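Here are some worked exercises to try with the model open beside you. Attempt each task before reading its solution.

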Amino acid sequence: MTWIVPIELEDAVLAAAREVVGDATLAPTALHRAVVDRSERYTSDRERIAKPADRVADLAARAAFFTVADAIKICIPIHELRNRGALPAKRLRVVDLGAGCGTLGLGLAAAGIEMDYVAFDRDADALSIATRAFRAYATASTIATRACDVTKEPIPPAELVVMGTLLNELPLAARVPLVERALAAITDDGAVIIIEPALRETSRGLHEVRDVILARELAHVFAPCTRRCTPCPALEAAEDWCHEDRLVKLPPHTAEVARVTHLRDGGLKFSYLVLRKSPAPLVEAGGAAWRIVAAPTSPKGRFELLGCSDLGHVPIRLLRRNRTDANRATERARRGNVLVIEGAPDEQRLEIEAGVAVIDPSA
């Protein structure tokens, strides 16, 4: 599945950014330079993460590229909640912690959510862009903003509390307490959705938060994990981590910036966590539900996946001689899919025999 960022969303953000930062910082050369600088600060030079050389140029990059490119990420957990009947059907109250230019709020609007949206961020100028863009694009919804420290500001009651690229910017000691407060704010049928960069360090930090939340019995993990227990298998080896890599189609301006800067190479890369008070899982299949956590490989004569479930991180293999209509879903699976496979793995792998049925619940 390819996730498409609507051109109307891009138009709304660019118009809002132009009103706040002006034309000069949105000119191609200046914008491309600021986009590359921000990317480097979030990846290879994280000591400068909060120290842009030019704050106005950095805000232009946040709005005119990253907000648009990242908005659609939240549509994936929303799609999973909706398919499971776990998304309240009514108009939602949404609180966005660390909202920036309104990335996740715009993404929710793209997913068809009507909401009363409250955006928290310390940057008043970013919130000004969020307000303008949201009112232009999400015409069926309302927006209010709070320029504040999200680690201290009271969180109002909501069906959804969302956080995008926030936890990794906070000290370790502040992460779980913020998630606890978010959980306390949601309704019984609500959810907390956390999205983080797909880097090893930031993803592993999110896995650690997951384990603490489960160990303290503060909430249930709805997605991406079909594994309901601790520890997260991705934390066993220091070089390992779990993240998404989904196909995306960017609108024209954002696609051109991506091409020039060599960022967002057609993949939507991120890590995420959906927490709920309800124990209802993403898939009712127990240990038979496997989240695919790596890209598939096709060595000669076989098709191989890496799955994660209550039974751990396990290689899954289908030999070509065992292919049947009943297990054909195996070869259609990609990173992020969930497969229901009956049977237990041996010490090396989960072998899919000719008589074993494989089901993709989302198909």
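**Exercise 1.** Decide whether Tyr272 is buried or exposed, then classify the ring pair of Phe270 and Tyr272.

*Solution.* This is a predicted model, so please read every value below as computed from it.
Step 1: Tyr272 has a relative accessibility of 3%. Buried means under 20%, so Tyr272 counts as buried.
Step 2: Phe270 is at 0% relative accessibility and therefore counts as buried.
Step 3: The ring centres of Phe270 and Tyr272 lie 5.7 Å apart, with the planes at 45°. Planes under 30 degrees apart count as stacked and those over 60 as edge-to-face, with the rest called tilted. The pair of Phe270 and Tyr272 is therefore tilted.

**Exercise 2.** How many aromatic pairs does the structure hold, and which geometry do Phe65 and Phe66 adopt?

*Solution.*
Step 1: There are three aromatic pairs in the structure.
Step 2: For Phe65 and Phe66, the centres are 5.0 Å apart and the planes stand at 80°, so this pair is edge-to-face.
Step 3: Check the surroundings of both rings. Phe65 is buried at 0% relative accessible area, and Phe66 is buried at 12%.

**Exercise 3.** Find the ring that the charged end of Arg276 sits over.

*Solution.*
Step 1: Start from the charged end of Arg276, and look for a ring centre 5.9 Å away.
Step 2: The ring belongs to Phe222, and the charged end of Arg276 sits over it.

**Exercise 4.** Where are the cis peptide bonds that lead into Pro224 and Pro231?

*Solution.*
Step 1: Ala223 and Pro224 are joined by a cis peptide bond with omega about 5°.
Step 2: The bond from Thr230 to Pro231 is cis too, its omega being near 0°.
Step 3: Place them along the chain. Pro224 belongs to the loop between strand 7 (220-223) and strand 8 (244-249), and Pro231 is found in the loop between strand 7 and strand 8 as well.

**Exercise 5.** What is the phi of Glu217 and of His262, and are these residues buried or exposed?

*Solution.*
Step 1: Glu217 is not a glycine, yet its phi is positive, near 55°. His262, also a residue other than glycine, has a positive phi near 65°.
Step 2: Glu217 lies in the loop between helix 8 (200-215) and strand 7, while His262 lies in the loop between helix 9 (252-261) and strand 9 (267-276).
Step 3: Exposed means over 50% relative accessible area. Glu217 is exposed at 72%, and His262 counts as exposed at 70%.

**Exercise 6.** Trace the order of the six-strand sheet, then describe the neighbours and side chains of strand 13.

*Solution.*
Step 1: The six strands form an open sheet with mixed pairing, in the order 14-12-11-10-13-15. Its edges are strand 14 (350-351) and strand 15 (358-359), each of which pairs on one side only.
Step 2: Strand 13 (residues 338-341) runs antiparallel to strand 15, and two bridges join them. Ile341 has Val358 in strand 15 as its bridge partner.
Step 3: Three bridges connect strand 13 to strand 10 (residues 289-292), and these two are antiparallel. Here Trp290 stands opposite Leu339 of strand 13.
Step 4: In a regular strand the side chains alternate between the two faces of the sheet. In strand 13, Val338 and Val340 point one way, Leu339 and Ile341 point the other way, and all are buried.

How values were computed. Residues numbered from 1 in each chain as written. Heavy atoms only, no water. Pairing = 2+ DSSP bridges. Helix = DSSP H or I, 4+ residues; strand = E, 2+ residues; numbered from the N terminus. Buried < 20%, exposed > 50% of the residue type's maximum accessible area, 1.4 Å probe, protein only. Phe/Tyr/Trp six-rings, centres within 6.5 Å; stacked < 30°, edge-to-face > 60°. Lys NZ or Arg CZ within 6 Å of the ring centre and 35° of its normal.
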